[in-house]
Amino acid sequence: MIDLCCRNVDASVIGQENGLELETEFAAYKDIIAGIIASLNQRKDKPGQWLQWMNLGYNEETIWYVKEYASMVKDRFENILVLGIGGSALGGIALTEALLKPYWNILSDEQREGLPRIFFLDNIDPDTMTGLLSFLDLKKTLVNVITKSGSTAETMSQFMIVKDLLEKELGDNYRYNVVATTDKRTGILRQIAEQEGYKTFVVPDDVGGRFSVFSAVGLLPLALVGIDIDSIVNGIKDMDLALKNTDINENIAAQNALIHFLMDTKKGKNLSVMMPYSSRLKYVSDWYAQLWAESLGKNKDIDGNNVNIGPTPIKALGVTDQHSQIQLYNEGPNNKIINFIRVKEFDNTLDIPNIFEYTGLNYLGGKTMNQLLNAEADSTRVALADYGRPTVTITLPKVDGYNVAQLLYMFEVQTAIAGELYKINTFNQPGVEQAKNYTYALMGRAGYEDSAQTLKEKMGTV
Ligand code: PA5
């Protein structure tokens, strides 16, 4: 199991001004936290609560279909191309980066054991998209278009380009190179999929984009490149069981949620840095940034009061960002809490040869890169504490499907608990919808004419 160490947020370590009296705070919030956890678990099956993501690890049917489809198409494609954005892409990116062999797409077929390469297009830059499409052999590519709403302009415009190219190359048979993941009933993509006869997977009701990683949204791309879905599912289930514990002293998601909430509201530290000490976990920070930002950044609380609250997530990578951001974290404004993610056992041990004995480098020779990486994590954490800067450390026994699934599921529960503490709606995103609607208006979508006019006036000339 993964674990959380909160020692370096305690006042006894980083001082009264910046630290929390953890034991006292955990005792003070014991009942509130127990109530939140019980309530989330009671409400999770009710329609309209947007808590169905808590059931995804138990959705045997979807898990079966995902595995079955992946094994059916196994030898047919050399590439998987995922089209999606935000919650429809970030989970898949984070998990494939963590779980596939590093540099997957440039490995030989043999090194990939015949499994396909995978590309995520989660932006609409005409240069990168042209670049990708110019070398991808679409005839040998399975396109997984993912959009819950079925109408997101970025994803649908990408799909229009790709579908057109595919059809030109393959004629009517192009449909066998498309698999759509979208809402069960509604949305333009659902309509197109039915008309064109695509294989489809469902984004379940009451699962928001940023909580959809363990639905077909995230699982299908993983299965298509041969990642073991069962270990992921086991990780979610074990973590779910652990996080059903209503005792804050036993529940790491509740602890980290409360720590972040109190650091923000009592100590003015509303920036949350996510800093894995593992390159394979780099994109977990991107996924977390969306989860934390979109869920908790709200202008109204659940009673309709204007609050304009929300901690700001920051993405960082250990050790790389020690040489870029740590100066600021140590000596700049003390307004952050830093989440270290540390890996106990790497898949490989990389020895540093003792080749420059006569120089000052002999302290490195004979050690391993593994030792150096974790020594740097520990020394940075301690240095931050010396400066009175709070950190928590999450330790993963290994970077594998079981543990990374636990990590992501823990962050989802942590986010839901934090949302309850802030008393906001964690699961809506009116601020994203607003910009989406403006884009529709600017691009001339029917029904958005009035907003287009107002928008043009507001925009001025750029
Ligand atoms: O978390 C969310 O709801 C958003 O980030 C969406 O995932 C994103 O806007 C993409 O939406 P859709 O899946 O409808 O294309």
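Here, two residues are in contact when heavy atoms of theirs lie within 4.5 Å. With that in hand, welcome to a predicted model, in which helix H3, a bound ligand and a set of salt bridges are good places to start looking. What covers the buried residues of H3? Helix H10 (229-243), helix H11 (252-267) and helix H15 (401-422) are among the elements that do so.

**Helix H3**
- Helix H3 takes in residues 30-43, and its 14 residues should span 20 Å at 1.5 Å a residue.
- The C-alpha atoms at its two ends are 20 Å apart, which agrees with that expectation.
- Its buried residues are Ile33, Ile36, Ile37, Ser39, Leu40, Asn41 and Arg43.
- An α-helix has 3.6 residues a turn, so residues three or four places apart point the same way.

**The ligand and its surroundings**
- Which of the 14 residues around the ligand come nearest? They are Ser88, Thr147, Ser149, Thr152 and Gln290.
- In the side chain of Ser149, an N or O atom is 2.7 Å from an oxygen atom of the ligand.
- Gly87 takes part through its backbone, with a polar atom 2.9 Å from a ligand oxygen.
- For Glu294, the distance from a side-chain N or O atom to an oxygen of the ligand is 3.0 Å.
- The protein buries 92% of the 380 Å² that the ligand exposes when taken alone.

**Salt bridges**
- The model has 24 salt bridges.
- Asp230 and Lys67 pair through their side chains, at 2.6 Å from N to O. This pair links distant parts of the chain, 163 residues apart: Asp230 belongs to helix H10 and Lys67 to helix H4 (residues 60-72).
- Asp230 is partly exposed because its relative accessibility is 36%, and Lys67 is partly exposed at 32%.
- Lys184 and Asp205 form another salt bridge, at 3.8 Å from N to O. Lys184 sits in the loop between strand E5 (178-183) and helix H8 (188-196), and Asp205 in the loop between strand E6 (199-203) and helix H9 (216-224), so the pair ties together parts 21 residues apart in sequence.
- Lys184 has a relative accessible area of 41% and Asp205 one of 28%; Lys184 is partly exposed, and so is Asp205.
- Arg280 and Asp347 also form a salt bridge, with their closest N and O atoms 3.3 Å apart. The pair ties together parts 67 residues apart in sequence, because Arg280 lies in the loop between strand E7 (271-276) and helix H12 (282-296) and Asp347 in the loop between strand E11 (336-345) and helix H14 (369-386).
- Glu78, Asp137 and Lys140 are joined into one network by salt bridges that share partners.

Definitions and conventions
Residues numbered from 1 in each chain as written. Predicted model: local features only at pLDDT ≥ 70, side-chain atom pairs only at ≥ 80, totals over all residues. Heavy atoms only, no water. Helix = DSSP H or I, 4+ residues; strand = E, 2+ residues; numbered from the N terminus. Expected span 1.5 Å × (residues − 1). Buried < 20%, exposed > 50% of the residue type's maximum accessible area, 1.4 Å probe, protein only. Near = heavy atom within 4 Å. Polar contact = N/O pair within 3.5 Å; in protein donor to acceptor, adjacent residues only side chain to side chain. Areas by Shrake-Rupley, 256 points an atom, 1.4 Å probe, with all protein chains shown as cover. Salt bridge = Lys/Arg side-chain N within 4 Å of Asp/Glu carboxyl O.
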